[in-house]
Amino acid sequence: MTNYFFSLIRTAVAASMILLVSTTASAQHKIAIAAHRGFWKCEAAGNSENSIASLREAQKAALWGSEFDVHLTADNKLLVNHDNTRGGKEIELTKLSYFKTDEQCRLKNGEWPSTLDEYLKQGQASDKTMLVFELKPEKHRSEDVLIRKSVRALKRHGLFDPSRVMFISFSKHMCDVIAKKYPAFTNQYLNGDIAPKDLKAQGINGIDYHYNVFYKHPEWVAEAHSLGMSVNVWTVNAEKDIKAMIDLGVDCITTNEPLLVREILGSKELFQ
Ligand code: MG
């Protein structure tokens, strides 16, 4: 089974080892940066999470990845938004038109929350930034519909490719479905409560855990790597935590402060 993310990182390590045989693998371990909800914390994005502008800024900065969250509305339309509510209404129980017409739904920068199609149109603009696609758990319905519709949308935009998109989810069921149906894609479980070996046994090829989970279980990084799994960490914004996660040897740092992580990583930053 190909694990795109893992093989990319190993290739970068192998290349640097050939050039610098005397340095250790860890010294040359390259680490990717994923902008959490896009590179939103800047003037150009109007401090608007999950906005089209935040994805554009992540692409402009050539960040390795840009994360975003996807829900399904009551009329089965895919909507990019973090919380399961917007404008005081539950997305799963509300039709798309509400989120596109009620003024209180607007993002800070004036954008309306985007449909997945609108968002992926911006995603097509650069192949240098991986789309880190968070499949949001469903409370009231089968989660398989959200996955099926997401895959269809990605295909429509020519983005259903392990080098262009990867999946993350707090829903174990969603990770299980991706593992079974689309094993070539990087597929990271978010909830932090399962050891890498137990996920691997079920075909899930990555973890994306809160940094406190790695403070508690630093051994999970090496365990995941020994199993060929990729390791991502969220949401790391403070300098001391960024440095600690770099020292642990994670593969990707998900952050609201991509330029700070870039500055700390220096030559260790991984690019697509
Ligand atoms: Mg998210």
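In this predicted model, the largest nonpolar core is made up of 36 residues, and those with the most contacts inside it are Leu-199, Ile-207, Tyr-209, Phe-214, Val-233, Met-245 and Ile-253. Leaving out residues up to four places away in sequence, Leu-199 touches Lys-172, Tyr-189, Ile-194, Ile-204, Gly-206, Ile-207, Tyr-209 and Met-229, and two of these partners, Ile-207 and Tyr-209, are also named among the core residues with the most contacts. A second core, separate from this one, has 26 residues, including Val-70, Val-80, Phe-167 and Phe-185. Such groupings fit a general tendency, for in soluble globular proteins nonpolar side chains tend to be buried together.

From the cores we can turn to a helix, H10, which spans residues 219-226. Its buried residues are Trp-220, Val-221, Ala-224 and His-225. Looking down the axis of H10, one finds these buried residues within an arc of 135°, and so they line one face of the helix. On the other side of H10 lie Ala-222 and Ser-226, which are exposed. Ala-222 has a relative accessible area of 51%, and since residues count as exposed when this value is over 50%, Ala-222 is placed in that class because of its 51%. Ala-222 also shows how sequence and space can be compared: Pro-196 is 26 residues away from it in sequence, while the two C-alpha atoms are 9.6 Å apart in space. Just after the helix, Gly-228 takes a positive phi of about 75°.

The next stop is the magnesium ion, whose protein donors are Glu-67 (OE), Asp-69 (OD) and Glu-134 (OE), at 2.0 to 2.1 Å from the ion. Along the sequence, these donor residues follow the spacing E-x1-D-x64-E. Of the donors, Glu-67 counts as buried at 4% relative accessibility, and Asp-69 is likewise buried, with a relative accessible area of 0%.

Finally, Thr-73 sits in the loop that runs between strand E2 (65-72) and strand E3 (78-80). Although this residue belongs to a loop, Thr-73 is buried, with a relative accessible area of 0%. The side chain of Thr-73 is joined to that of Asp-75 by a polar contact of 2.7 Å. If neighbours within four places in sequence are set aside, Thr-73 is in contact with Leu-79, Ile-91, Glu-92, Thr-94, Lys-95, Leu-96, Phe-99 and Arg-141.

Conventions. Residues numbered from 1 in each chain as written. Predicted model: local features only at pLDDT ≥ 70, side-chain atom pairs only at ≥ 80, totals over all residues. Heavy atoms only, no water. Helix = DSSP H or I, 4+ residues; strand = E, 2+ residues; numbered from the N terminus. Buried < 20%, exposed > 50% of the residue type's maximum accessible area, 1.4 Å probe, protein only. Donors = N, O, S within 2.8 Å, 3.2 Å for Na, K, Ca; no water. Core = buried A, V, L, I, M, F, W, Y, C linked by side-chain atoms within 4.5 Å. Contact = heavy atoms within 4.5 Å. Polar contact = N/O pair within 3.5 Å; in protein donor to acceptor, adjacent residues only side chain to side chain. Arc of directions from axis to C-beta.
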